[in-house]
Amino acid sequence: MEYNSPSDHPIQPARIQSILPRLNALAPAFEAETTHGRLALEDYRGTWVVLFSHPADFTPVCTTEFVAFAKLAPVLKQRNTELLGLSIDSIYSHLAWVNAIRDKFGVEIPFPVIADGNREVASLYGMINPDESSTETSRCLFVIDDKGILRAMIYYPLTTGRNTDEVVRLVDALQTTDRHKVATPANWNPGDKVIVPPPRTVEDAEARKSLGYDCVDWWYCETTVPNAVSAAERKG
Ligand code: BEZ
């Protein structure tokens, strides 16, 4: 019997389970070896975490991302947020690559990088997409809040480097939502108007008329809220 492609064959190689974690649930707990020693997600309680995976060390797109994430680290720190990288490469590979980025690009990598050789963390977070690569982690990014709740996920393919402006915008949006109980519209940036959640009762709908919101209709109201981080601080 002939098969047109390996994926038609009835016997397929074992695949790593890739189940997505759930938004607004407790982020899967882990403890792992990193370039800064052993770390557990629990160690970050009280701090927001941006956990991100990359496909492989010593690859060009990943290198551009690491340089960009290194520049992002102090911007996130102002927002009580720490970066934590991950790939399936060994700790020695991570150390050599981080040194190469310092020597060749003049950039220090300030955040820890998990060596997830046994894919333990990768499988907890669904970072391996077998139809893209059966071994490498995709470009996945998870925002975990200071209570350990998974608040956002971004998945990018191997060939597309991520936009770090979007990462900081996402953290700003989530923290603004928490502080002011509002939602943020398309392409929102700090300083822009935010959306007041629509009323759920006749009473609420009536009450909001006197709250000074800028309303297009009873279900679409905007307002302004103070920025958590000043414009000067945001520029870094
Ligand atoms: C890169 O980082 O350059 C890369 C990694 C995996 C697949 C394609 C590109």
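This is a short walk through one predicted model, taking the ligand site, the salt bridges, one helix and a surface patch in turn.

I'll start with the ligand. Which residues surround the ligand? They are Pro55, Thr59, Pro60, Val61, Cys62, Arg139 and Leu158. The largest share of that shell, three residues, comes from helix H1, which runs over residues 60-77.

Now the polar contacts here. The side chain of Thr59 has an N or O atom 2.9 Å from an oxygen atom of the ligand. For Pro60, the distance from a polar backbone atom to a ligand oxygen is 3.2 Å. Cys62 also takes part through its backbone, where an N or O atom lies 2.8 Å from an oxygen atom of the ligand. On its own the ligand has 270 Å² of accessible area, and the protein covers 78% of it.

Next, the salt bridges. How many salt bridges does the count come to? The count is 13. I will show three of them.

The first pair is Arg162 and Glu65, whose side chains meet with an N to O distance of 2.7 Å. Arg162 is in the loop between strand S7 (150-156) and H4, while Glu65 is in helix H1, so this bridge ties together parts that are 97 residues apart in sequence. Are these two residues buried or exposed? Arg162 has 11% relative accessibility, so it counts as buried. Glu65 is at 3%, so it is buried as well. For both, the cut-off that matters is under 20%.

The second pair is Asp214 and Lys193, with a salt bridge of 2.5 Å, N to O. Asp214 belongs to strand S9 and Lys193 to the loop between H4 and strand S8 (194-196), so the parts tied together here are 21 residues apart in sequence. Asp214 is partly exposed, with a relative accessible area of 39%. Lys193 counts as partly exposed too, at 34%.

There is also a network to point out: salt bridges that share partners join Glu65, Arg139 and Arg162. You have met Arg139 already, as one of the residues around the ligand.

The third pair is Arg45 and Glu42, whose side chains form a salt bridge of 3.3 Å, N to O. Arg45 is partly exposed, at 42% relative accessible area.

Please turn to helix H4 now, residues 164-180. H4 has 17 residues and spans 24 Å from its first C-alpha to its last, close to the 24 Å expected at 1.5 Å a residue. What happens at the start of H4? A side-chain oxygen of Asn163 comes to within 2.8 Å of the backbone nitrogen of Asp165. Just after the helix, Lys181 has a positive phi of about 55°.

Which residues of H4 are buried? The list is Thr164, Val167, Val168, Leu170, Val171, Asp172, Ala173, Leu174, Gln175 and Thr176. When you read a list like that, keep the turn of a helix in mind. An α-helix has 3.6 residues a turn, so residues three or four places apart point the same way.

Take Thr176 as a single case. Thr176 sits in helix H4 and has 8% relative accessibility, so it counts as buried. A polar atom of its side chain lies 2.7 Å from the backbone oxygen of Asp172. Asp172 is itself among the buried residues of H4.

Now a residue outside the helices. Where is Gln78? Gln78 is in the loop between H1 and strand S4 (81-87). At 34% relative accessibility, Gln78 counts as partly exposed. The side chain of Gln78 makes a polar contact of 3.5 Å with the side chain of Arg79. Gln78 can also be compared with Ala228, 150 residues away along the chain: their C-alpha atoms are separated by 9.6 Å.

Last, the surface. Val216, Trp218, Trp219 and Tyr220 make a nonpolar surface patch of about 470 Å². Val216 lies in strand S9, residues 214-217, the strand that also holds Asp214. Is Val216 buried or exposed? Val216 is exposed, with a relative accessible area of 68%; the cut-off for that word is over 50%.

To recap, the ligand has 78% of its accessible area covered by the protein, and one of the residues around the ligand, Arg139, belongs to the salt-bridge network with Glu65 and Arg162.

Terms used:
Residues are numbered from 1 along each chain as its sequence is written. This is a predicted model: local features need pLDDT of at least 70, side-chain atom pairs count only at pLDDT 80 or more; totals for chains, interfaces and linings use all residues. Side-chain values use heavy atoms; hydrogens and water are left out. Helices (H or I, at least four residues) and strands (E, at least two) are DSSP runs, numbered from the N terminus. The expected span of a helix is 1.5 Å times one less than its number of residues. Buried means under 20% relative accessible area, exposed over 50%, partly exposed in between (1.4 Å probe, protein chains only). A polar contact is a pair of N or O atoms within 3.5 Å; within protein, one must be able to donate a hydrogen and the other to accept it, and residues adjacent in sequence count only if both atoms are side-chain atoms. Patches are made of residues with over 30% relative accessible area and no salt bridge: like charges are joined within 9 Å, nonpolar side chains (Val, Leu, Ile, Met, Phe, Trp, Tyr) within 5 Å. Accessible areas come from the Shrake-Rupley method with a 1.4 Å probe; for residues, only the protein chains shown count as cover. A salt bridge is a side-chain nitrogen of Lys or Arg within 4 Å of a carboxyl oxygen of Asp or Glu. A residue is near a molecule or strand if one of its heavy atoms lies within 4 Å of it.
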